[in-house]
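Hi,

Here is the structure I promised to pass on. Have a look at it first, and then read on for what turned up.

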Amino acid sequence: MQIDKLRGKALDQLFESVLSLKDMEECYRFFDDLCTMNEIQSLAQRLEVARMLRQGKTYHKIENETGASTATISRVKRCLNFGNDAYAMVLDRVHEEEEAK
């Protein structure tokens with residue numbers, strides 16, 4: 001994993017902090033303090049790109065609907081195909097929770 005290069009106390013603290021969040025409102029508050037608006041938008045955009053790629057949407061449609069560059073779409077696709085399956089894991093979990101509601 002690429003992130004292994006960053007492993008350490010600071011990154012562990014960040015992830016423990018995220019895991020400690022109890023609800024959506026806490027997530028909004030934490031990420032508002034932690035990230036810039038552009039950083040938050042970029043993260044959300046990548047997740048939406050992953051969702052759309054899994055649905056079989058074309059680059060053109062994804063680009064038009066999300067504003068993501070083809071470079072971003074390609075990077076997300078590479079992660080979907082050759083990454084750690086984390087996009088699939090979280091998207092499947094979110095989908096299951098939505099269906100359970």
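To start with a small one: is Leu 14 buried, partly exposed or exposed? Leu 14 counts as partly exposed, because its relative accessibility is 31%, and the class between buried and exposed runs from 20% to 50%. Before going further, please keep in mind that this is a predicted model.

**The nonpolar patch**

Leu 14 sits in helix α1, and it is one of the residues behind a nonpolar patch on the surface. The patch covers about 610 Å², and Leu 14 shares it with Met 1, Ile 3, Leu 6, Phe 15, Val 18 and Leu 34. Which helix gives the most to the patch? That would be α1, with three residues. A residue needs over 30% relative accessible area to be part of a patch, so Leu 14, at 31%, gets in.

**The pocket**

Next, the largest pocket. Its volume comes to about 2800 Å³. There are 47 residues in the lining, and the closest to the pocket centre are Leu 43, Leu 47, Ala 86, Tyr 87 and Val 90. Five helices supply at least two lining residues each: α1 (9–20), α2 (24–34), α3 (37–54), α5 (70–82) and α6 (86–100). Of these, α6 has the largest share of the lining, at twelve residues. Sorted by class, the lining is made up of 28 nonpolar, 14 charged and five polar residues. If you open the model in a viewer, the residues around the pocket centre, Tyr 87 and Val 90 among them, would be a handy place to begin.

**The salt bridges**

How many salt bridges are there? The count comes to four, and here are some of them.

- Arg 7 and Asp 4 meet through their side chains, with 2.6 Å from N to O. Arg 7 is exposed, because its relative accessible area is 54% and the cut-off for that class is over 50%. Asp 4, at 36%, is partly exposed.
- Glu 48 pairs with Arg 51, and their closest N and O atoms are 2.4 Å apart. Both lie in helix α3, three residues apart, which is about one turn of the helix. Each of the two is partly exposed: Glu 48 has a relative accessibility of 27%, and Arg 51 has 31%.
- Glu 65 and Lys 61 form another bridge between side chains, at 2.7 Å from N to O. Why are they separated by about one helical turn? Because they are four residues apart in helix α4, which spans residues 59–66. Glu 65 is partly exposed at 47% relative accessible area, and Lys 61 is partly exposed as well, at 37%.

**One more residue in α4**

Helix α4 also holds His 60. Is His 60 buried or exposed? His 60 is exposed, because its relative accessible area is 54%, where over 50% is what the class asks for. Along the chain, His 60 and Ile 73 are 13 residues apart, and their C-alpha atoms are separated by 9.9 Å.

That is what I have for now. Over to you!

Cheers

Methods:
Residues numbered from 1 in each chain as written. Predicted model: local features only at pLDDT ≥ 70, side-chain atom pairs only at ≥ 80, totals over all residues. Heavy atoms only, no water. 1 Å grid on protein atoms, 1.4 Å probe; cavity = no way out; pocket = protein on both sides within 12 Å on 5 of 7 lines; lining within 4 Å. Points joined across faces, edges and corners; volume = space filled by probe spheres on them. Nonpolar A, V, L, I, M, F, W, Y, C, P; charged D, E, K, R; others polar. Patch = residues over 30% accessible without salt bridge, like charges linked within 9 Å, V, L, I, M, F, W, Y side chains within 5 Å. Areas by Shrake-Rupley, 256 points an atom, 1.4 Å probe, with all protein chains shown as cover. Buried < 20%, exposed > 50% of the residue type's maximum accessible area, 1.4 Å probe, protein only.
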